[in-house]
Amino acid sequence: LIERAVTKRTKVVMPVHLFGQCTEMERINELAEAHEIAVVEDAAQAIGAKYKGRRAGNLGLIGCFSFYPSKNLGGAGDGGLLTTNDPEIAQSLQDLRSHGARKKYYHDRVGINSRLDSIQAAILRVKLPYLDQWAQARRDNARRYGSMFEERGLARSENIRLPQERADVLHVYNQFVFRARERDDLRRFLAEKGIGTEIYYPLPLHLQPCFSDLGYKAGDFPESERAAREALAIPIYPELGEAAQRRVVDMIAAFYEQRL
């Protein structure tokens with residue numbers, strides 16, 4: 001559907017590597033090249049992820065990463081990083097991050113104050129060598145979830161739709177998000193059992209008040225709206241143990257068993 005949305009005003013396609021899995025970049029890049037528009041990757045949830053052997057952030061003109069504390073590589077506060085293989089773009093981004101100045105107090109363009117704090121950089125440098133190890137732990141936890149859901153007869157039930165990992169990617173599971181029937185009731189039940197969950201995302205972009213001037217309405221993007229009704233994230237952090245995962249799955253199974 002991307003090509004259908006391209007107009008003469010389109011400057012950029014921004015694919016989102018949602019939850020830690022790269023989207024289908026080869027097709028997107030081919031489409032963008034045909035229309036002479038740039039590809040800017042939203043890799044905020046996908047640091048360390050791979051698409052056909054290449055890392056996220058190295059698949060378009062620019063890659064955008066987040067170091068928010070909840071990310072796979074998180075600082076102690078806000079922070080981020082942009083990547084590019086284009087020297088001119090790199091220089092422009094460096095200029096923009098410091099109020100458009102290459103020389104202090106001399107501004108060639110209007111920019112923003114978006115420098116990464118030194119303390120955040122120091123924390124991230126300590127954590128960076130562990131990134132792949134932590135990603136593998138998340139992948140191991142995801143596989144274990146899959147086996148546990150299968151054991152409880154949930155993996156193929158009408159109540160649960162587990163995340164699928166494509167063969168051409170390395171998924172880093174920033175989140176473990178599945179589709180659930182009676183999602184909101186399930187979430188309340190898990191909260192009562194002391195199990196934390198999150199909804200990514202409760203309201204699609206086209207229905208956000210800040211974009212109301214664009215004129216979209218409920219029903220315009222039915223798959224986004226369906227995902228917003230059904231998606232639920234359960235714990236997936238690297239240190240999560242097998243016993244804790246077992247309890248999460250057991251409680252999900254218990255919720256649906258009491259509905260029989």
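These legends accompany a set of close-up views of one predicted protein model.

**Figure 1. The whole chain, as a starting point for the close-ups, is a predicted model of 8 helices and 12 strands.** The C-alpha trace spans about 70 × 45 × 35 Å along its principal axes. The protein has 260 residues, and 36% of them count as buried. Salt bridges turn up in several of the views below, and a search of the whole structure finds 21 of them.

**Figure 2. Helix 6 packs against helix 8.** Helix 6 covers residues 183–192, while helix 8 takes in residues 242–257. How far apart are the axes of helix 6 and helix 8, and at what angle do the two helices pack? The axes lie 10 Å apart, and the angle is about 125°. That angle makes helix 6 oblique to helix 8, because it falls outside the range of 65 to 115 degrees for roughly perpendicular and is not over 145, the cut-off for roughly antiparallel. As for handedness, the crossing of these two helices is right-handed.

**Figure 3. A salt bridge joins Asp-185 to Arg-259.** Zooming in on the side chains, we find an N to O distance of 3.5 Å for this pair. The two partners come from distant parts of the chain, 74 residues apart: Asp-185 belongs to helix 6, and Arg-259 sits in the segment after helix 8. Asp-185 is partly exposed, with a relative accessibility of 32%. Arg-259 is also partly exposed, at 38%.

**Figure 4. Arg-102 and Asp-95 form a salt bridge between an exposed and a buried residue.** The closest N and O atoms of the pair are 2.9 Å apart. Which of the two residues is buried and which is exposed? Arg-102 has 56% relative accessibility and therefore counts as exposed, for which the cut-off is over 50%. Asp-95 has a relative accessible area of 3%, so this residue is buried; here the cut-off is under 20%.

**Figure 5. Four charged residues are linked in a network of salt bridges.** The members to look for are Arg-179, Glu-223, Arg-226 and Glu-230. Within the network, the side chains of Glu-223 and Arg-226 meet with an N to O distance of 3.5 Å. Glu-223 and Arg-226 both belong to helix 7, and because they are 3 residues apart there, about one helical turn separates them. Arg-226 is partly exposed, with 29% relative accessible area.

**Figure 6. Five residues make a nonpolar patch on the surface.** Leu-205, Phe-211, Leu-214, Tyr-216 and Phe-221 together give a patch of about 500 Å². One of them, Phe-221, lies in the loop between helix 6 and helix 7, the latter running over residues 222–230. Phe-221 has a relative accessible area of 36%, which means that this residue is partly exposed and also passes the patch cut-off of over 30%.

**Figure 7. The loop between helix 6 and helix 7 holds a cis peptide bond.** Most peptide bonds are trans. The bond from Tyr-200 to Tyr-201 is cis instead, with omega near 5°, and Tyr-201 is placed in this loop. Glu-198 is found in the loop between helix 6 and helix 7 too, where this residue is partly exposed at 35% relative accessibility. What is the separation between the C-alpha atoms of Glu-198 and Ala-233? The answer is 5.1 Å, even though the two residues are 35 residues apart along the chain.

**Figure 8. His-99 and Glu-182 have positive phi values.** Most residues other than glycine have a negative phi. For His-99, phi is near 55°. This residue sits in the loop between helix 3 (87–97) and strand 7 (101–103), and is partly exposed at 39% relative accessibility. Glu-182 is not a glycine either, and its phi is about 55°. Where is Glu-182 found? Look in the loop between strand 11 (176–180) and helix 6. With a relative accessible area of 37%, Glu-182 is partly exposed.

Note on methods
Residues are numbered from 1 along each chain as its sequence is written. This is a predicted model: local features need pLDDT of at least 70, side-chain atom pairs count only at pLDDT 80 or more; totals for chains, interfaces and linings use all residues. Side-chain values use heavy atoms; hydrogens and water are left out. Patches are made of residues with over 30% relative accessible area and no salt bridge: like charges are joined within 9 Å, nonpolar side chains (Val, Leu, Ile, Met, Phe, Trp, Tyr) within 5 Å. Accessible areas come from the Shrake-Rupley method with a 1.4 Å probe; for residues, only the protein chains shown count as cover. Helices (H or I, at least four residues) and strands (E, at least two) are DSSP runs, numbered from the N terminus. Buried means under 20% relative accessible area, exposed over 50%, partly exposed in between (1.4 Å probe, protein chains only). Axes are lines fitted to C-alpha atoms, for helices over the stretch in contact, and angles run from 0 to 180 degrees between N-to-C directions. Angles under 35 degrees count as roughly parallel, over 145 as roughly antiparallel, 65 to 115 as roughly perpendicular and the rest as oblique. A crossing is left-handed if the near helix is turned anticlockwise from the far one by less than a right angle, and right-handed if clockwise.
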